[in-house]
Amino acid sequence: MSGECDFTALIGDFVEDAGGHLDAVEGFLLELERRAPDGCDGELVTLIQGHLHTLKGNSGMMGLVPLQQYVHRLEEVMKETGAGVLALGPALFGALYGGINALRSALFRFAESPDTGLDFAVEESALEALRAAPEAATRPAPEPATEPAAATANAPAAAQTAPATATATTAAPAADPVPSRSATPAQFGYITQKSSTLKVNFEKLDELLNLMGELVIQRTALATLEKRLREQVTDRELLNAFNETSQLIGKSTDDLRQSIMKVRMLPVKSVFQRFQRLVRDLSVSHGKEVRLLLTGEDTELDKTVLDEIGEPLLHLIRNAVDHGLETPAERRARGKQAAGTLTLGARHESNHIVISVSDDGGGMDPEEIRKKAVARGVLEPEAARAMSEAELLQLVFVPGFSTRSEVTETSGRGIGLDVVKKIVSSLNGIIEIESKVGRGTTFTMMLPLTLAIITALMVEVAGETYAVPLSGVLESVQVQAEECHDTGSGEVIMLRDRVLPLYRLDRFFGRESAEQREQEYVVVVASGDKKGGLVVDRLVGQQEIVIKGLDDYLGELPGISGGTVLGDGRVSLIIDIPSILGR
């Protein structure tokens, strides 16, 4: 893989997070010191190690090798302390507190100037001296190394003196504790430092969103009430005043909802960046050259959706590197550049986020898929011959079906794409494939921006109102009743030269409509790789709805994913598109 990871956008978050870990370590050290007369508290030591381990990992991710190595040394010292090798004493705590000071100073310098070099020679010497002579840990802490006067007023300047001080201290006898750098007044500035970040438990945001959902319901109720008033009240002045107030409440509700949703929104960059290392390792292990391009990294979506997209992307990227992209020799033979390109992209489209994984590899051959589907008993020969190229490509989502003859550690078992389809379907999303032989393959996932408040197409079936998530709706059409054909295994219509299976919601829910119609309303929906038409009595219109979970005692209800409260107080059931199309 070529290209360097750019973590500059993460510096602020890293420093903020690292500061939190240091605060925690310092607090546990103070408690450990307080309890020292009673012996070493193993639980506190474990807590300290946990924070140091996280800080070490994050430092490594940011490429701060000196910081990572020094934190690793601190980890080792704490491990030996917990094991009883190093006794709790003034010299040990002096060295550890000195280390915390040095780390804070280093983070300050890094935040101010990311290119500044980091050096922990003094602190590492102090730790190594203790480890070389464990009995010295209980001796009084040595006087801290003197900082130049100018350095006390400027933390970054203090760091520049570190190498010279280190040289002086390394000459000290191994058995004596080595003085660490003392904290300058400026280094205690973190105590009064104001943070621009507020960490909030995500459950509290969920509670806030639930309350927001109730407000959305009441707004809808207000609109319904206004409609009734216009039918029964003739005082136009009163109606206009009511309408004006209603619209103001509606606008404030929209603004508040958008503000709350923004708080829950995170850029997909946090997920995309994780695949830099994966692609690098996969390309090395498969002997390929892969250039990973990331586009639309700043595209934001709800955290609940963001948490779900990592696994499908993992499988799609593994397949692209393992099966999609060719080796350098194969690419040269086909007139391509030796390095293949894998593009991971994201963009907003209406109320959806569209995420694509695209490679410029060999692509998938529909004819090869047709032959393998027949050879492996997935399709009868006659059925396979009748399928279009687009339908053949959809077979890669069939559990256990793979276009590959060999199985590798990462793919080839026909499992990954089945998992991708199931996750996308569970999110009421759609996945599509576009592939050209010799030119590459693109998987496109269309997912809702959020799973909490969604836009739905309200439909009427046998006198009841149902909500169809708009994220799964492709279009709605009106067809003549005679255009619906019964094939024996179900009804279908021809929609733009493609056979579309029909699902009559009244029959599905056991509520036959008495009305005989000359024309049928069909809502064309999709889930994962499947498409179908839901036959309804009437289209009511689009509406924002708040998803309410169903009580567990109801069990699993086929075709229903939840409920919502309408403006008039009635409960409307939300259509579970995947379960209907899966039948």
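**Exercise 1. Is glutamate 460 buried, partly exposed or exposed, and what is its relative accessibility?**

Solution.
Step 1. Recall the classes: buried means under 20% relative accessible area, exposed means over 50%, and partly exposed lies in between (1.4 Å probe, protein chains only).
Step 2. Glutamate 460 has 23% relative accessibility, so this residue counts as partly exposed.

Some ground rules apply throughout. The model is predicted: local features need pLDDT of at least 70, side-chain atom pairs count only at pLDDT 80 or more, and totals for chains, interfaces and linings use all residues. Residues are numbered from 1 along each chain as its sequence is written, and side-chain values use heavy atoms, with hydrogens and water left out.

**Exercise 2. Find the salt-bridge partner of glutamate 460 and place both residues in their strands.**

Solution.
Step 1. A salt bridge needs a side-chain nitrogen of Lys or Arg within 4 Å of a carboxyl oxygen of Asp or Glu.
Step 2. Glutamate 460 meets arginine 538 in such a bridge, at 3.1 Å from N to O.
Step 3. Glutamate 460 belongs to strand β8 and arginine 538 to strand β16, so the pair ties together parts that are 78 residues apart in sequence. Strands here are DSSP runs of E with at least two residues, and helices are runs of H or I with at least four; both are numbered from the N terminus.
Step 4. Arginine 538 is partly exposed, at 41% relative accessibility.

**Exercise 3. Give the strand order of the sheet that holds β8, and name its edges.**

Solution.
Step 1. Two strands pair if DSSP finds at least two bridges between them.
Step 2. The order is β16-β8-β9-β18-β17, an open sheet of five strands with mixed pairing.
Step 3. The edges are β16 and β17; each has a single partner strand, so one side of each has no neighbour in the sheet.
Step 4. On average, neighbouring strands of this sheet are turned by 35° against each other, direction ignored. For such angles, axes are lines fitted to C-alpha atoms (for helices over the stretch in contact), and angles run from 0 to 180 degrees between N-to-C directions.
Step 5. Look at one pair: β8 (residues 453-461) and β9 (residues 464-469) run antiparallel over six bridges. Methionine 458 has alanine 467 in β9 as its bridge partner.
Step 6. Now look at the loop between β8 and β9, where alanine 462 is found. Alanine 462 has a positive phi of about 50°, although it is not a glycine.

**Exercise 4. Repeat the strand-order task for the open sheet of six strands.**

Solution.
Step 1. The order is β10-β14-β15-β13-β12-β11, again with mixed pairing.
Step 2. β10 (473-480) and β11 (485-486) are the edge strands, and each pairs on one side only.
Step 3. β11 pairs with β12 (residues 491-495) in the antiparallel sense over two bridges. Here aspartate 486 has glutamate 491 in β12 as its bridge partner.

**Exercise 5. Describe helix α5 and its link to helix α3.**

Solution.
Step 1. α5 (residues 121-132) has twelve residues. From first C-alpha to last it reaches 16 Å, close to the 16 Å expected at 1.5 Å a residue. The expected span is 1.5 Å times one less than the number of residues.
Step 2. Its buried residues are Val122, Glu123, Ser125, Ala126, Leu127, Ala129 and Leu130.
Step 3. Glutamate 128 forms a salt bridge with arginine 73, with the closest N and O atoms 3.2 Å apart. This pair links distant parts of the chain: glutamate 128 sits in α5 and arginine 73 in α3 (residues 65-82), 55 residues apart.
Step 4. Glutamate 128 is partly exposed at 32% relative accessibility, and arginine 73 is partly exposed at 26%.
Step 5. Both belong to a salt-bridge network of Arg73, Glu76, Glu80, Glu124, Glu128 and Arg131.

**Exercise 6. How many salt bridges does the structure hold? Then study the one between arginine 34 and glutamate 31.**

Solution.
Step 1. The count is 31.
Step 2. In the bridge between arginine 34 and glutamate 31, the closest N and O atoms are 2.4 Å apart.
Step 3. Both residues lie in helix α1 (residues 11-34), three residues apart, about one turn of the helix.
Step 4. An α-helix has 3.6 residues a turn, so residues three or four places apart point the same way.
Step 5. Arginine 34 counts as exposed, at 57% relative accessibility.
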